[in-house]
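Got your viewer open? Here is a walk through the model, one selection at a time.

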Amino acid sequence: LSGLRRQAAVAISQELSKLACRGTGPSTWINQVRRRSSLLSSRLEEKPFSEMEMSYIKQGEEALQKSLSILGDQDGWKTETVVDNGDKVQSKVLPDVGKVFRLEVVVDQPLDAVYSELVDNMEQMGDWNPNVKEVKILQKIGKDTVITHEKAAATPGNIVGPRDFVSVRCSKRRGSTCVLAGMSTKHGAMPEQEGFVRAENGPTCMILRPLPGSPSQTKLIWLLSIDLKGWLPKTIINQVLSQTQVDFANHLRERLAR
């Protein structure tokens, strides 16, 4: 398959050269296609992903598309919490996913600072978010996909005991919009851990955009979908998850301020 692609790239390049010679000079679109053909040829020389790596990449893309689809449907959201500073948590129940939560906040920091903290420095999240005990990157795949292991701290009073997650995360940045999506997966390097209940998340997603008219501020939307496993009353789960989102926004602000 790689050989056929390489032959196709060479053939395209040759045909473009013939077309260019027929006129006074190559047109803009010919130059564009030629550059794309050259880019394709260079990518064919890169080390291909394994079948397992491609599986993780596809899982990340699936999490991203499902999350955006959920957030794009504006119907059925019910308000869970509204804070004086404008932070808002909403929720709704989806037939194939269960109850999902949506946080909307404005952070008084530019997008690059927020993105760097959440993506580039994700392993440091346990330093500033008391709800997170540890985040560890198990594997990086290309520039957009990582596999992580997260340990969640026990809630006050140990109402919800220690949980951990193995997740595939996909980050996409297009212009002034960043999308960070993820969902639970399995990884050979991280079997279930003693003392932790292996919970599941996903699809989950964070969308970051500069606040319109105020590029020094960032609008953050966080879709949260978690199955904590074990026997827990729904009222407790709903209270814990919505409060977790509100707390996250406050801890993130404090971190960025420092």
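Before you colour anything by exposure, a residue is called buried here when its relative accessible area is under 20%, exposed when that figure is over 50%, and partly exposed in between. By that yardstick, buried residues make up 41% of the 258 residues in the chain. Keep in mind that this is a predicted model.

**The whole chain**

Start with a cartoon view. You should be able to pick out six helices and twelve strands. Now switch on a surface: the chain exposes about 14800 Å², and carbon and sulfur atoms supply 52% of that area. If you like contact maps, look at the contacts between residues at least 6 apart in sequence: 57% of these join residues at least 24 apart.

**Stop one: the rings**

Select Trp 128 and Phe 248. Their rings form a tilted aromatic pair, 6.0 Å centre to centre with 45° between the planes. Which label fits that angle comes down to the cut-offs: planes under 30 degrees apart would be stacked and planes over 60 edge-to-face, so 45° falls into the tilted class. Trp 128 sits in helix H5 (residues 125-128) and Phe 248 in helix H6 (residues 234-257), so this pair ties together parts of the chain that are 120 residues apart in sequence. Both Trp 128 and Phe 248 are buried.

Add Trp 222 to the selection. Ring pairs link Trp 128, Trp 222 and Phe 248 into a cluster, and the structure holds two aromatic pairs in total.

**Stop two: around His 251**

Stay on helix H6 and select His 251, which is found there. Is His 251 buried or exposed? With a relative accessible area of 18%, His 251 is buried. Show what surrounds this histidine: leaving out residues up to four places away in sequence, His 251 touches Trp 128, Asn 129 and Pro 130.

Next, click on Asn 129, in the loop between H5 and strand S4 (132-141). Asn 129 has 4% relative accessibility and counts as buried. Set aside its neighbours within four places in sequence, and Asn 129 is in contact with Phe 248 and His 251. That brings you back to Phe 248, the ring paired with Trp 128.

**Stop three: charges over rings**

Two arginines deserve a quick look. Select Arg 102 with Trp 77: Arg 102 lies over the face of the tryptophan, at 5.6 Å from the ring centre. Then select Arg 173 with Tyr 115, where the charged end of the arginine sits over the ring, 5.0 Å from its centre.

**Stop four: salt bridges**

Side chains of opposite charge can pair when their charged atoms come close. How many salt bridges does a search of the whole structure find? The search finds 16, and three of them make good stops.

Go to Asp 87 and Arg 253 first. The closest N and O atoms of this salt bridge are 2.8 Å apart. The pair links distant parts of the chain: Asp 87 is in the loop between strand S1 (78-82) and strand S2 (88-94), while Arg 253 is in helix H6, 166 residues apart. Asp 87 counts as buried at 2% relative accessibility, whereas Arg 253, at 21%, counts as partly exposed.

Now jump to Lys 229 and Glu 200, whose salt bridge has its closest N and O atoms 4.0 Å apart. Lys 229 is in the loop between strand S12 (226-227) and H6, and Glu 200 is in strand S9 (residues 200-201), 29 residues apart. Both ends are partly exposed, Lys 229 with a relative accessible area of 29% and Glu 200 with 41%. While you have salt bridges on display, select Glu 61, Lys 143, Asp 144 and Lys 172: salt bridges with shared partners join these four into one network.

Zoom in on one part of that network. The side chains of Asp 144 and Lys 143 meet in a salt bridge of 3.4 Å, N to O. At 73% relative accessibility, Lys 143 counts as exposed.

**Last stop: the cysteines**

Select Cys 170 and Cys 205. Why does Cys 170 make no bond with Cys 205? The sulfur of Cys 205 is the closest cysteine sulfur to that of Cys 170, but it is 9.4 Å away, too far for a bond. Cys 205 is in no disulfide either, and the structure holds zero disulfides. Both cysteines are buried, Cys 170 at 3% relative accessibility and Cys 205 with a relative accessible area of 1%.

Definitions and conventions. Residues numbered from 1 in each chain as written. Predicted model: local features only at pLDDT ≥ 70, side-chain atom pairs only at ≥ 80, totals over all residues. Heavy atoms only, no water. Phe/Tyr/Trp six-rings, centres within 6.5 Å; stacked < 30°, edge-to-face > 60°. Helix = DSSP H or I, 4+ residues; strand = E, 2+ residues; numbered from the N terminus. Buried < 20%, exposed > 50% of the residue type's maximum accessible area, 1.4 Å probe, protein only. Lys NZ or Arg CZ within 6 Å of the ring centre and 35° of its normal. Disulfide = S-S within 2.5 Å. Contact = heavy atoms within 4.5 Å. Areas by Shrake-Rupley, 256 points an atom, 1.4 Å probe, with all protein chains shown as cover.
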